[in-house]
Amino acid sequence: MKSFQQLVEEQLAGLRDAQLLRRAREVDGPQDTYLSIGSHRVLCLCSNNYLGLARHPIVAAAARQSLDEEGVGSGASPQISGRMQLHRRAEIGLAAFVGHEAGLMFSSGYACNVGVVQALAGREDLIFSDRLNHASLIDGARLSRARIVIYEHGDPDDLERKLRQHRSTGRGALIVTESLFSMDGDVAPLSDLQRLARSYEVGLVVDEAHALGVLGPEGRGVCAELGVQPDVVVGTLGKAFGVQGAFAVGASSTVELLRNRARSYVFSTAPSPVLSAAALASLRLVRDSESPRQRLRAHWRRLRSSLADLGFRVLPGDTPIIPVLSGTPEQTMRLSQALFARGVFVHGVRPPTVPPGTSRLRVVPMASHSEDDISLALAAFEAVRP
Ligand SMILES: *Cc1c(COP(=O)(O)O)cnc(C)c1O
């Protein structure tokens, strides 16, 4: 048998040799359009703080007031004594925003997806999962012990073939997908998925982590834009809302089941009430002001077309997640470092976050960028062009 320490060293060496070791840069000061990192001041082009709300004064003031009134901690799981009035208010507000009856709060999107998928499927069931689903959806499916059937990314025909082939072998089934895919920046064919879910009488769970606040009328997501009503929608507060935490919404009965069965909800301390207070303030900003979304859209369209004009291989889409294919993990990290040296922070994404052979730079603008910021970014890309 190998010693524990030996196994640790071997695995680290394996990651290092494959250029897959991750080392986070440490940001000094707040999350903003420009970040201070070490002695550098860099334009941030890799945050999910799409609307620039992470340090918005109105959101911060709501958090500060709640901090004064309620303090920080919730003290226990929501099913013991941790559920506070602010949680309920945030759940009601967020469910209404997304267009569902009820909702429940989780401490993160990761915890939410793991809990939701695990709660809605069991050993005898089937989960039909998009090939590119987020790790948290995959982990939830594994935890449920349901049989997982992977369908090709964004391909309703493949899904239908697999539904037909497998459905008689399960008690029930779920279709699980993101709406706006976090690493590919494309959008799932949600109308087709809903049609299939209805005709095969299976559940539909849609993770709108990156879409809420950004896409759809008043930022209410892709489902709202397409008139699709899944059984459960998951949203996170850590991205466009600029806060932290997450929520799932659906019919009251579904949410009641989640409150009882989602292990990451039942067996975890309720999120801080401060996050609910901040989320409610953020929700009003997201809903009531269209111009940040319009600015964001103008930025992503300009970046997408200009990067393609510069000869970069941009994956298609009309969203703020702009994947630029960049060769091997090593080439990807070299490009990312060259951009950083020119004052532009773009994250390189490598396996296992994306499939082998598809390493990429993930370029993400924010509403708080100016036209000049985008020009600066494009000049840096032009300079490092391979
Ligand atoms: C970021 C993300 C999550 C996780 O949300 P956190 O609040 O960051 O834990 C879940 N699903 C998708 C698609 C994501 O991109």
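1. A good place to start is the parallel pair: strand S3 (residues 40-44) and S13 run parallel and are joined by 2 bridges. Within that pairing, Cys 44 has Phe 345 of S13 as its bridge partner. Please keep in mind as you read on that this is a predicted model.

2. The pair belongs to an open sheet of 4 strands, ordered S1-S2-S3-S13, and its pairing is mixed. Its edge strands are strand S1 (27-28) and strand S13 (344-345), each of which pairs on one side only. As general background, strands of a sheet pair through backbone hydrogen bonds, in either a parallel or an antiparallel sense.

3. Now for another open sheet, also worth a look on your screen. Its 4 strands follow the order S11-S12-S15-S14, and here the pairing is antiparallel. Strand S11 (313-314) and strand S14 (347-349) each have a single partner strand, so each of these edge strands has one side left without a neighbour in the sheet.

4. You can walk across this sheet one pairing at a time. S11 and S12 run antiparallel, with 2 bridges joining them, and Val 314 stands opposite Val 324 in S12. Next, S12 pairs with S15 over 4 bridges in the antiparallel sense; there, Leu 325 has Arg 360 in S15 as its bridge partner. Finally, S14 is joined by 3 bridges to strand S15 (residues 360-363), again running antiparallel, and His 347 stands opposite Arg 362 in S15.

5. Which strands does helix H13 touch as it packs on this sheet? Helix H13 (residues 291-309) touches S11, strand S12 (322-325) and S15. The direction of H13 makes about 15 degrees with that of S12. Helix H14 (residues 329-341) packs on the sheet too, touching S14 and S15. For H14, the angle with the direction of S15 is about 40 degrees.

6. Two backbone details deserve a check by eye. The peptide bond from Pro 351 to Pro 352 is cis, with omega near 5 degrees, and Pro 352 sits in the loop between S14 and S15. Arg 145, a residue other than glycine, has a positive phi, near 65 degrees. Arg 145 is found in the loop between helix H6 (135-144) and strand S6 (147-151). For context, most peptide bonds are trans, and most residues other than glycine have a negative phi.

7. On to the ligand, which may interest you most if you plan to look at the site. The ligand is surrounded by 13 residues, and the closest are Gly 109, Tyr 110, Asp 207, His 210 and Lys 239. By class, the shell divides into 2 nonpolar, 8 polar and 3 charged residues. Which helix gives the largest share of the shell? That share, 3 residues, comes from helix H5 (residues 109-120).

8. Several of the closest residues place polar atoms by ligand oxygens. For Gly 109, a backbone N or O atom lies 2.7 Å from an oxygen atom of the ligand. Tyr 110 likewise has a backbone N or O atom 2.9 Å from a ligand oxygen. With Lys 239, the atom concerned is a polar side-chain atom, lying 2.8 Å from an oxygen atom of the ligand. How much of the ligand's area does the protein bury? Taken alone, the ligand exposes 380 Å², and the protein buries 82% of that.

Key: Residues numbered from 1 in each chain as written. Predicted model: local features only at pLDDT ≥ 70, side-chain atom pairs only at ≥ 80, totals over all residues. Heavy atoms only, no water. Near = heavy atom within 4 Å. Polar contact = N/O pair within 3.5 Å; in protein donor to acceptor, adjacent residues only side chain to side chain. Areas by Shrake-Rupley, 256 points an atom, 1.4 Å probe, with all protein chains shown as cover. Nonpolar A, V, L, I, M, F, W, Y, C, P; charged D, E, K, R; others polar. Pairing = 2+ DSSP bridges. Contact = heavy atoms within 4.5 Å. Axes fitted to C-alpha atoms, helices over the stretch in contact; angles between N-to-C directions.
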